[in-house]
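Please work through the following exercises on a protein chain, taking each solution one step at a time.

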Amino acid sequence: MSAFSQVDIADQYVNRYKKIGIMGGTFDPIHNGHLVIAEQIRCKYKLDKVLFIPTGTPPHKSNRNIIDSKHRYFMTLLATVTNPCFEVSKIEIESNEISYTINTIKKLKEMYPKDTELYFITGADAICQLDTWKNVDDLSKLCKFVAATRPGHSLKEVDEKIHELYKNYNTFIQKIDIPVLAISSTDIRYRIKNKQSIKYLLPEPVEYYIYKNNLYV
Ligand code: NAP
């Protein structure tokens, strides 16, 4: 049985879930910062599980080449496999459409019982752009947001944005400071290109996968 179909089968037993974290991201590549954030937020909000959703064709990303979604999906699987509360979904990478979060959340809402609460987890940088996302007003009714801040990012800007989004769309956004997000996918890609070490920035199986497949060189 392929890893793809195992996730589908797991998702047939969705009825037991009440609170689910949705970890949306390009994950190009996934790293320990993402994993720490997901685990910390899972514990803080008592989430039953965190569903990692690598983007397919992400909005806002036309200016840079993102590696094939198949690689990003497998790296995400490798990174999360040891945590029984983590799952990976191919919902976006299997779609040929642009990965608008509103479409993903609507599909998930159909999959899970009506009273399931969804917490969309992403970086504060992405949250600061939220008012440019498709149907942000509808989206705000369907899920809550958790924004992970990164050292060096203006907290004032994030706070102002959170206030503005609440005022305009009633968007619920919780900000969470997790210093380990100083690790970034951009920095990891740069290090690989420049033959610098990436050890301990991401899980070892992901590191091996990157070298084996000659990614980011
Ligand atoms: P991004 O520009 O790659 O990420 C923005 C920042 O957030 C980066 O600093 C990134 O760090 C960090 N980040 C990304 N995913 C994260 C996560 N799950 N937790 C914590 N930090 C995270 O943004 P993106 O990955 O394209 O988009 C993030 C999510 O927002 C995706 O699910 C995407 O589909 C959604 N989105 C939706 C719309 C829309 O519906 N119109 C528009 C934009 C984004 P790293 O580089 O280290 O990952």
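The exercises below concern a predicted model, and each task is followed by a worked solution.

**Exercise 1. Describe the protein chain as a whole: how many helices and strands does it have, and what percentage of its residues are buried?**

Step 1. Counting the elements along the protein chain gives nine helices and six strands.

Step 2. The protein chain has 217 residues, and buried residues make up 49% of them.

Step 3. Turning to the contacts with a separation of 6 or more, we find that 78% of them are accounted for by residues 24 or more positions apart.

**Exercise 2. Find the largest nonpolar core, and state which residues have the most contacts inside it.**

Step 1. The general background is that nonpolar side chains in soluble globular proteins tend to be buried together.

Step 2. In this model the largest nonpolar core has 37 residues, and those with the most contacts inside it are Phe 52, Met 75 and Ile 210.

Step 3. Several elements each supply at least two residues of this core, among them helix H2 (32–44), strand E2 (49–54), helix H3 (69–80) and helix H9 (204–212).

Step 4. Looking at Met 75 itself, and leaving aside its neighbours within four places in sequence, we see contacts with Pro 29, Ile 30, Ile 67, Val 206, Tyr 209, Ile 210, Leu 215 and Tyr 216.

Step 5. Apart from the largest core lies another core, of 26 residues, which includes Tyr 17, Ile 53, Ile 127 and Leu 139.

**Exercise 3. Decide whether Ile 127 is buried or exposed, and list its contacts beyond four places in sequence.**

Step 1. Ile 127 is found in helix H5, which covers residues 124–127.

Step 2. Because its relative accessibility is 0%, and buried means under 20%, Ile 127 counts as buried.

Step 3. Once its neighbours within four places in sequence are left aside, Ile 127 is in contact with Thr 122, Phe 145, Ala 147, Lys 161, Leu 165 and Ile 173.

Step 4. Ile 127 and Ala 148 are 21 residues apart in sequence, while their C-alpha atoms are 9.0 Å apart in space.

**Exercise 4. Compare two loop residues, Thr 116 and Asn 96: which loop holds each of them, and is each one buried or exposed?**

Step 1. Thr 116 lies in the loop between helix H4 (101–111) and strand E4, whereas Asn 96 lies in the loop between E3 and H4.

Step 2. Thr 116 has a relative accessible area of 3% and is therefore buried.

Step 3. Asn 96 has a relative accessible area of 80% and is therefore exposed.

Step 4. Not counting residues up to four places away in sequence, Thr 116 touches Tyr 17, Lys 18, Lys 19, Ile 20 and Lys 109.

Step 5. Asn 96 and Thr 57 are 39 residues apart along the chain, and their C-alpha atoms are separated by 7.5 Å.

**Exercise 5. Explain why Cys 85 and Cys 43 do not form a bond with each other.**

Step 1. Recall that a disulfide is a covalent bond between the sulfur atoms of two cysteines.

Step 2. The closest cysteine sulfur to that of Cys 85 belongs to Cys 43, and because the distance is 8.1 Å, the two are too far apart for a bond; the cut-off for a disulfide is 2.5 Å.

Step 3. A search of the whole structure agrees with this picture, since it finds zero disulfides.

**Exercise 6. Examine the backbone: which residues does the cis peptide bond join, and what is the phi of Asn 170 and of Lys 195?**

Step 1. As a starting point, most residues other than glycine have a negative phi, and most peptide bonds are trans.

Step 2. The cis peptide bond joins Asp 28 and Pro 29, with omega about 0 degrees, and Pro 29 lies in the loop between strand E1 (19–25) and H2.

Step 3. Asn 170 has a positive phi, near 60 degrees, and its place is in the loop between helix H7 (155–169) and strand E6 (173–177).

Step 4. Lys 195, which is not a glycine either, has a positive phi of about 55 degrees, and Lys 195 is placed in the loop between H8 and H9.

Step 5. Asn 170 counts as exposed because its relative accessibility is 52%, and Lys 195 counts as exposed because its relative accessibility is 79%.

How values were computed
Residues numbered from 1 in each chain as written. Predicted model: local features only at pLDDT ≥ 70, side-chain atom pairs only at ≥ 80, totals over all residues. Heavy atoms only, no water. Helix = DSSP H or I, 4+ residues; strand = E, 2+ residues; numbered from the N terminus. Buried < 20%, exposed > 50% of the residue type's maximum accessible area, 1.4 Å probe, protein only. Contact = heavy atoms within 4.5 Å. Core = buried A, V, L, I, M, F, W, Y, C linked by side-chain atoms within 4.5 Å.
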